[in-house]
Every structure is written in structure tokens, then in C-alpha cells.
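Here is a short set of exercises to work through with the model open in your viewer. Try each task before you read its solution.

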Amino acid sequence: MKKVLTIQDISCVGQCSLTVALPILSSFGIETAVLPTAVLSTHTAFKNFTFCDLTEEMPKILKVWKKEKIFFDGFYTGYIGSIQQIDYIIQIMDSTNQNQAIKVVDPCMADYGKLYAGFDRDFPKYMLNLCKKADVILPNFTELCFLLDVEYKEYSQKELEALVKNLSDLTNASVVLTGVSFAEEKLGAMTYHRNEDRISYFFTERVDAMFHGTGDCFASAFFGAYVKGFSMEKSTEIACEFTYRSVLSTEQDQTSHWYGVHFEPNLKYLTNLNTED
Ligand code: PXL
């Protein structure tokens with residue numbers, strides 16, 4: 001069985017980061033170890049959230065893992081708690097990497113043109129360093145703009161493709177851009193396969209509602225599929241479909257809350273995927 005490490009926060013309530021990644025990766029049948037970056041009462045879109053920074057734990061945890069000869073077949077990073085953590089995470093990836101482990105970085109830091117509460121303006125510069133360690137990075141459009149330090153505004157399809165290629169050149173990673181839309185009723189993702197210099201698109205119907213946490217559902221499903229051996233493009237298609245189904249479930253559930261995605265009814269879609277397909 002594959003063993004992977006995911007590095008992101010625990011938002012105790014909020015249906016994001018680790019509380020989303022763990023059930024999703026388990027549904028793929030992947031053993032998942034965690035390195036929590038911080039513990040928050042709720043995610044940062046809530047008011048007055050608490051934040052316990054776990055930066056100081058990282059070198060201590062690594063020391064034990066080195067002694068115990070613990071290695072991983074894959075790494076997936078999400079929300080990072082401090083700039084200093086980025087160096088620690090790079091050290092951890094370098095010293096617990098087994099068989100050229102797959103590295104996926106979700107540069108989770110911004111949406112709708114704004115950095116999340118708590119990140120200052122130079123955070124994207126440091127996040128770019130972590131992206132340089134990745135095989136695949138999964139920015140949304142806001143994060144793409146911050147990583148490239150370009151204006152957050154509407155771009156044509158041609159311009160968007162050039163921006164994605166720029167980010168790939170800068171990081172040496174393949175790029176999966178989420179939240180892509182060129183027609184009102186469709187929403188999806190663009191992939192740029194770096195080694196094959198290939199751009200592809202995947203779309204589903206757009207659900208007329210916005211929910212927090214879709215990025216984490218997408219990234220976790222993408223990573224699970226990719227570790228299972230699906231191609232980058234097929235993993236993107238699976239992640240789009242899973243996120244679409246989860247947003248539909250959220251919209252249809254009258255008891256849904258505002259802060260997260262009701263992804264649980266769709267886990268069986270991931271469990272039933274077959275790499276032979
Ligand atoms: O869903 C991304 C995310 C993860 N972790 C924390 C967040 C957010 C988005 O706001 O605040 C703590």
C-alpha cells in the first residue's frame with residue numbers, strides 16, 4: 001500500500017484542509033500520515049478564529065522520523081502556518097522521500113483576489129519556493145496572479161495559457177489551474193503538462209452557488225488519483241467530477257452550512273475508481 005504525507009492545518013470546524021484530505025485519501029485506499037501546520041478553532045473565513053502555530057514541532061517530528069527511518073511515497077502540501085515552515089517542509093520532503101515520491105503543492109493562500117487573513121504581502125514569494133519543489137502545483141486563479149505578481153483581472157484564454165506556462169517555467173512544475181471558465185454555464189480546470197508541453201481542459205456544469213472548501217476537495221481528489229497511478233489529465237478530470245458532485249450535494253442538502261462542502265456522499269465515487277479504466 002502507498003504511504004503518503006499531507007502537510008496542512010487542522011481547522012477543527014470548517015470542512016477544509018486535513019478534515020477533508022484524510023477521508024478523501026482514505027477512500028482511495030491510501031495510507032495517509034499527517035503533519036499539521038497549525039490548529040485553528042475554525043478556518044479563517046470565520047470571525048475571531050484561534051490559531052496555534054506548530055512551526056516549532058516540525059524539526060522535532062523530523063528528528064523522530066529520521067531515527068525511525070520513516071519514508072513516504074508522496075507529499076501533498078496545503079495551508080502553511082508560517083514562512084519559516086516552508087524551509088522545514090522542504091527539509092522533510094528531502095529526507096523522507098522514497099522512490100522519487102510524487103510531490104503536489106496546493107499553494108493554498110488566496111481566493112477572490114485576496115490573500116487569506118493572516119498572510120502578509122510577501123508570503124507568495126516564499127510559497128513560490130515551495131512550488132519549485134513540486135511535480136504538480138494546483139493554484140486557483142488568484143494564487144496564480146499572486147505567484148506571478150501580475151494584476152488580478154480578466155485575461156483572455158491565450159493570455160491565461162501564457163501565464164500558466166510562465167508559472168511552469170518559473171517552478172519547473174506542471175500546473176493544474178482550478179476555477180477556469182470561458183462560458184457562463186461551465187466551470188473546470190486547465191492542465192499544463194510540462195514534460196509534454198500540453199495544455200488540456202476539463203469542464204463540468206457550473207452549479208449556481210459558491211461554497212468554501214472546494215479547492216481542498218479538488219486538491220485531495222487530484223492527489224489521491226495521481227498517487228493511484230492515473231495520469232495528470234485523468235486525475236484532473238476525476239477531481240473536477242468529484243468536486244462538481246460534492247457541490248451539487250451541498251446545494252441539494254437543505255441543512256447545509258455555509259462554511260464547507262458536503263463531500264461525504266460522494267466518497268464512494270472515489271473508492272470505486274479503477275486504474276484499469
Ligand atoms: O480551504 C482552504 C483553507 C485551509 N485552511 C485554512 C483556511 C482556508 C481557507 O480559508 O482558512 C485555515
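Keep in mind throughout that this is a predicted model.

**Exercise 1. The ligand shell**

Find which residues surround the ligand, and sort them by class.

*Solution.* Start by collecting residues with a heavy atom within 4 Å of the ligand. This gives Asp9, Ser11, Cys16, Ser17, Leu40, His43, Thr44, Tyr79, Cys108, Tyr116, His212 and Asp216. Next, sort the shell by class: five residues are nonpolar, five are polar and two are charged.

**Exercise 2. Polar contacts and burial of the ligand**

Which distances separate the ligand's oxygen atoms from the side chains of Thr44, His212 and Asp216? How much of the ligand's area does the protein bury?

*Solution.* Take the side chains one by one, with 3.5 Å as the limit for a polar contact.
- Thr44 places a polar side-chain atom 2.6 Å from an oxygen atom of the ligand.
- For His212, a polar side-chain atom is 3.1 Å from a ligand oxygen atom.
- In the side chain of Asp216, an N or O atom lies 2.8 Å from an oxygen atom of the ligand.

Then turn to area: the ligand exposes 320 Å² when taken alone, and the protein buries 97% of that.

**Exercise 3. A closer look at His212**

Where in the fold does His212 sit, and is this residue buried or exposed, or something in between?

*Solution.* First locate the segment: His212 belongs to the loop between β11 and α7 (214–228). Then check accessibility: because its relative value is 29%, His212 counts as partly exposed. Finally, take a distance to another part of the chain: the C-alpha atoms of His212 and Val104 are 21 Å apart, with these positions 108 residues apart along the chain.

**Exercise 4. Salt bridges to helix α6**

Work out which parts of the chain are tied together by the pairs Lys165–Asp197 and Arg194–Asp169.

*Solution.* A search of the whole structure gives nine salt bridges, these two pairs among them.

Begin with Lys165 and Asp197, whose closest N and O atoms are 3.9 Å apart. The cut-off is 4 Å. Lys165 is in helix α6, while Asp197 is in the loop between β10 (186–193) and β11 (198–205), so this salt bridge links parts 32 residues apart in sequence. Lys165 is partly exposed, at 33% relative accessible area.

Now take Arg194 and Asp169, which meet at 3.0 Å, N to O. Here Arg194 comes from the loop between β10 and β11 and Asp169 from helix α6, so the pair ties together parts 25 residues apart in sequence. Their accessibilities are 22% for Arg194, which counts as partly exposed, and 52% for Asp169, which counts as exposed.

**Exercise 5. A pair within one helix**

How are Arg245 and Glu241 placed along helix α8, and what is the distance between their closest N and O atoms?

*Solution.* The closest N and O atoms of this salt bridge are 2.8 Å apart. Arg245 and Glu241 are four residues apart in helix α8 (residues 232–252), so about one helical turn separates them. Arg245 is partly exposed at 33% relative accessibility, and Glu241 is partly exposed at 25%. For a further look at salt bridges, follow shared partners: Glu196, Arg198 and Glu233 are joined into one network.

**Exercise 6. A nonpolar surface patch**

Identify which residues make up the nonpolar patch on the surface, and place Tyr152 in the fold.

*Solution.* The patch consists of Tyr112, Tyr152 and Met210, with about 390 Å² of accessible area together. Tyr152 is in the loop between α5 (141–148) and α6 (157–171). With a relative accessibility of 42%, Tyr152 counts as partly exposed.

**Exercise 7. Positive phi values**

What are the phi angles of Asn48 and Asp149, and where do these residues lie?

*Solution.* As background, most residues other than glycine have a negative phi. Asn48 has a positive phi, near 55 degrees. Its place is the loop between β2 (31–42) and β3 (51–53), and Asn48 is exposed at 76% relative accessible area. Asp149 also has a positive phi, near 60 degrees. Asp149 lies in the loop between α5 and α6 and is exposed, with 71% relative accessible area.

Key. Residues are numbered from 1 along each chain as its sequence is written. This is a predicted model: local features need pLDDT of at least 70, side-chain atom pairs count only at pLDDT 80 or more; totals for chains, interfaces and linings use all residues. Side-chain values use heavy atoms; hydrogens and water are left out. A polar contact is a pair of N or O atoms within 3.5 Å; within protein, one must be able to donate a hydrogen and the other to accept it, and residues adjacent in sequence count only if both atoms are side-chain atoms. Accessible areas come from the Shrake-Rupley method with a 1.4 Å probe; for residues, only the protein chains shown count as cover. Ala, Val, Leu, Ile, Met, Phe, Trp, Tyr, Cys and Pro count as nonpolar, Asp, Glu, Lys and Arg as charged, and the others, Gly among them, as polar. Patches are made of residues with over 30% relative accessible area and no salt bridge: like charges are joined within 9 Å, nonpolar side chains (Val, Leu, Ile, Met, Phe, Trp, Tyr) within 5 Å. A salt bridge is a side-chain nitrogen of Lys or Arg within 4 Å of a carboxyl oxygen of Asp or Glu. Helices (H or I, at least four residues) and strands (E, at least two) are DSSP runs, numbered from the N terminus. Buried means under 20% relative accessible area, exposed over 50%, partly exposed in between (1.4 Å probe, protein chains only).
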